[in-house]
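Biologist: Could you walk me through this model before I head back to the bench? I have the sequence and the structure open.

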Amino acid sequence: MKRYHFHLFDGHTYRWDHDGVLLADLAAVVAEAEARARSAMRADANLQDWSKWKIDVRGHDDITIFHYPFDEVRETA
């Protein structure tokens, strides 16, 4: 298992995930990014434009693996 960090970017500022989470594979990493995006969207349900929001997924070495744009959140869970 490897540690991944899921930094939230709202188009202006980052909210840093200092703890990260241990995950087994890339499929689990993508699922975690989507779950965190959904959680943020539920927390601020009044916001209409999510186009600038993303999850910046990084490994333990602080290198970005991929960005998960909130626009990519699937309609169904």
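What follows is a run of questions and answers about this predicted model.

Biologist: Let's start with trust. What is the mean pLDDT of the protein?

Modeller: This is a predicted model, so there's a confidence score to look at. Among the elements, confidence is lowest in H1, at a mean of 94, and highest in S3, at 98. Across the protein, 95% of residues reach 70 or more, and the mean pLDDT is 92.

Biologist: Good. In what order do the elements run from the N terminus on?

Modeller: There are one helix and five strands to place. Going from the N terminus, the order is β-β-β-α-β-β.

Biologist: What is the radius of gyration, and how does it sit against the globule rule?

Modeller: Along the principal axes, the C-alpha atoms fill a box of roughly 35 × 30 × 20 Å. For 77 residues the globule rule gives 11 Å, and the model comes close to that, so the protein is as compact as a globular protein of that length. Its radius of gyration is 12 Å.

Biologist: And what share of the contacts between residues at least 6 apart joins residues at least 24 apart?

Modeller: Phe9 and Trp53 make a nice example of a pair far apart in the chain: 44 residues separate them in sequence, but their C-alpha atoms are 5.6 Å apart. For the protein as a whole, the share you asked about is 48%.

Biologist: Now the inside. Which element gives the most to the largest nonpolar core?

Modeller: That core has 16 residues, and Phe6, Val29, Ala33, Ile55, Val57, Tyr68 and Phe70 touch the most other members. At least two residues each come from S1, H1, S4 and S5. With four residues, the top contributor is H1.

Biologist: Which elements do the buried residues of H1 pack against?

Modeller: H1 has 18 residues and spans 26 Å from its first C-alpha to its last, close to what is expected at 1.5 Å a residue. The buried ones are Val29, Ala33, Glu34, Ala37, Arg38 and Ala40. They pack against S1, S3, S4 and S5.

Biologist: Take Ala40 in that helix. Which residues does Ala40 contact beyond its neighbours within four places in sequence?

Modeller: Ala40 has a relative accessible area of 14%, which is under the 20% cut-off and therefore buried. Setting the sequence neighbours aside, its contacts are Leu8, Trp50 and Phe70.

Biologist: Arg58 caught my eye. Is it buried or exposed?

Modeller: Arg58 lies in strand S4. Beyond residues up to four places away, it touches Arg3, Tyr4, His5, His7, Trp16, Ile63, Thr64 and Ile65. Its relative accessible area is 13%, and since the cut-off is under 20%, Arg58 counts as buried.

Biologist: Which side chains make polar contacts with the side chain of Arg58?

Modeller: One partner sits at 3.1 Å, and that is Asp62. Another sits at 3.4 Å, and that is Thr64.

Biologist: Asp62 again, then. What is its phi near?

Modeller: Asp62 is in the loop between S4 and S5. A relative accessible area of 48% makes Asp62 partly exposed. Most residues other than glycine have a negative phi. Asp62 has a positive one, near 70°.

Biologist: Last one, on His5. Which residue's backbone oxygen does its side chain reach?

Modeller: His5 is found in strand S1, and it is buried, with a relative accessible area of 13%. Not counting residues up to four places away, His5 touches Asp17, His18, Asp19, Gly20, Asp56, Val57, Arg58 and Gly59. The backbone oxygen in question is 2.8 Å from the side chain and belongs to Asp17.

Biologist: And Phe9, which you brought up earlier: which residues does Phe9 touch, not counting residues up to four places away in sequence?

Modeller: Phe9 has its place in strand S1. A relative accessible area of 17% makes it buried. With the sequence neighbours left out, Phe9 touches Tyr14, Lys52, Trp53 and Lys54.

How values were computed. Residues numbered from 1 in each chain as written. Predicted model: local features only at pLDDT ≥ 70, side-chain atom pairs only at ≥ 80, totals over all residues. Heavy atoms only, no water. Core = buried A, V, L, I, M, F, W, Y, C linked by side-chain atoms within 4.5 Å. Buried < 20%, exposed > 50% of the residue type's maximum accessible area, 1.4 Å probe, protein only. Expected span 1.5 Å × (residues − 1). Contact = heavy atoms within 4.5 Å. pLDDT = per-residue confidence, 0-100. Polar contact = N/O pair within 3.5 Å; in protein donor to acceptor, adjacent residues only side chain to side chain. Rg over C-alpha atoms; globule rule 2.2 N^0.38 Å.
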